[in-house]
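Please read the notes below alongside the sequence and the model. They are arranged as numbered points and go from the whole chain to single residues.

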Amino acid sequence: MAEHVFDASVYHHAWDRELEPALAIASGDVVHLDLLMAGARQVEEGAAFEVCAFDFDTLYNLAGPIRVEGAKPGDTLAVEILSLETGDWGWCVILPEPGLLPEDFPDGFVRTFDLRGRSTATLVPGVEIPITPFCGTMGTCPDREGTFVPFPPHEGAGNVDTRHLTQGTTFHIPVHLPGAHFSIGDPHAAQGDGEVCVAAIECPMRASLRFSVIDRPSPGPWFATPPGSLTPRGDDGGYYGTMGIADDLMEGSRTAVRNMIALLGERHGLEPRDAYMLCSLAGDLKIFEIVDAGMWNVGMLMPRSVFV
């Protein structure tokens, strides 16, 4: 086993099978990476939305590609997440068009978060979001001609925004190109399942990963977490839960989030914009029920422990 250091000055903005690998490693090696936040040089700490310069063509800064010698199409790349450490600050945004509820929140808004020496991030006084680092984008490059932006996700995983890919988890990803051509980016300090307002707490990060090639196919991307709760920092305080009952899963999701926004306003006096952002950073969308043909029940769960 060897160890490698990947410098934050080496990054790319799109998936492209023609892109030359920036690092070659062997199966079993460990790579230490300094990762740029999404929006690096586009958002400044403390800045208002009006002065941010969002460019979605260059928003994501992916470290890689990393070539893992011996990996071949049909294999599985196992990525063991050894450690994740957030940088000094992060940001979250509500954009006028993307997100689950653009018609409810037509005005852009950015909030930045001080992460220095902290275990929680303050949304507003009395609301503390547990810092639980993960990377929103990890994957192997597809074997397709052309250049593809980092989102949406693809057959090699990519921008899966799965907040359970935390320290101690092993992520298994199908290999589509010789050498796998793995890339990583979009580091997050906190996010709920769904990322409903379009962003997490985006931040820089230091990550250490171990790569292993498995000589068998993978049934799509999958992961194995360490023993214990998926949400250990939220379970002890109980939850609020709202429902969205509809004949369409997206409409059910919108209803569940709107109902949670209303509930948080009534119970905790949160302004709608703050409640919407909190749903993105700490709330979890769940499919409560899908077996009754024609009408589905989507839930939004909010850990009550965020209210201090």
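The points below cover basis, overall form, surface, aromatic pairs, helices and backbone geometry.

1. Basis. This is a predicted model in which local features need pLDDT of at least 70 and side-chain atom pairs count only at pLDDT 80 or more, while totals for chains, interfaces and linings use all residues. Residues are numbered from 1 along each chain as its sequence is written, and side-chain values use heavy atoms, with hydrogens and water left out.

2. Secondary structure and overall form. The chain holds 20 strands and 2 helices; these are DSSP runs, numbered from the N terminus, with at least four residues for a helix (H or I) and at least two for a strand (E). The chain is as compact as a globular protein of its length, because its radius of gyration of 19 Å is close to the 19 Å that the globule rule gives for 308 residues. The radius is taken over C-alpha atoms, and the rule is 2.2 Å times the number of residues to the power 0.38. The C-alpha trace spans about 55 × 45 × 35 Å along its principal axes.

3. Burial and contacts. Of the 308 residues, 52% count as buried, where buried means under 20% relative accessible area, exposed means over 50%, and partly exposed lies in between (1.4 Å probe, protein chains only). Taking contacts (heavy atoms within 4.5 Å) between residues at least 6 apart in sequence, 77% join residues at least 24 apart.

4. Surface and charge. The chain exposes about 13200 Å², of which carbon and sulfur atoms supply 53%; the areas come from the Shrake-Rupley method with a 1.4 Å probe, and for residues only the protein chains shown count as cover. There are 43 negative and 19 positive side chains, and the centres of the two sets lie 4 Å apart. In this count Lys and Arg are positive, Asp and Glu are negative, and His and the chain ends are not counted. The charge is placed at NZ of Lys, CZ of Arg, CG of Asp or CD of Glu.

5. Aromatic pairs. Rings of Phe, Tyr and Trp (its six-membered ring) pair if their centres lie within 6.5 Å; planes under 30 degrees apart count as stacked, over 60 as edge-to-face and the rest as tilted. The count comes to 7 aromatic pairs. One of them is the edge-to-face pair of Phe56 and Phe151, with 6.3 Å centre to centre and 85° between the planes. Phe56 lies in the loop between strand E4 (30–35) and strand E5 (63–68) and Phe151 in the loop between strand E12 (147–148) and strand E13 (157–158), so the pair ties together parts 95 residues apart in sequence. Phe56 is partly exposed at 38% relative accessibility, and Phe151 is partly exposed at 28%.

6. A buried pair. Phe182 and Phe211 are also edge-to-face, at 5.0 Å centre to centre and 75° between the planes. Phe182 belongs to strand E15 (residues 182–188) and Phe211 to strand E16 (residues 205–214), so this pair ties together parts that are 29 residues apart in sequence. Phe182 is buried at 0% relative accessibility, and Phe211 is buried with a relative accessible area of 0%. Elsewhere, Phe49, Phe54 and Trp91 form one aromatic cluster.

7. Helices. How many residues of helix H2 (residues 272–282) are buried? The number is 9 of 11, and H2 is mostly covered; the buried residues include Tyr276, Met277, Leu278 and Cys279. In helix H1 (residues 249–268) sits Arg258, which is partly exposed with a relative accessible area of 27%. Not counting residues up to four places away in sequence, Arg258 touches Leu101, Glu103, Asp104 and Glu251. Arg258 lies 9.0 Å from Thr242, C-alpha to C-alpha, with their positions 16 residues apart in sequence.

8. Cis peptide bonds. Gly64 and Pro65 are joined by a cis peptide bond with omega of about -5°, and Pro65 lies in strand E5. Another cis peptide bond joins Phe151 and Pro152, with omega of about 5°; Pro152 is in the loop between E12 and E13.

9. Positive phi. Asp161 is not a glycine, yet has a positive phi of about 45°. Asp161 is in the loop between E13 and strand E14 (170–174) and is buried, with a relative accessible area of 16%. Asp186, likewise not a glycine, has a positive phi of about 55°; Asp186 lies in strand E15 and is buried at 1% relative accessible area.
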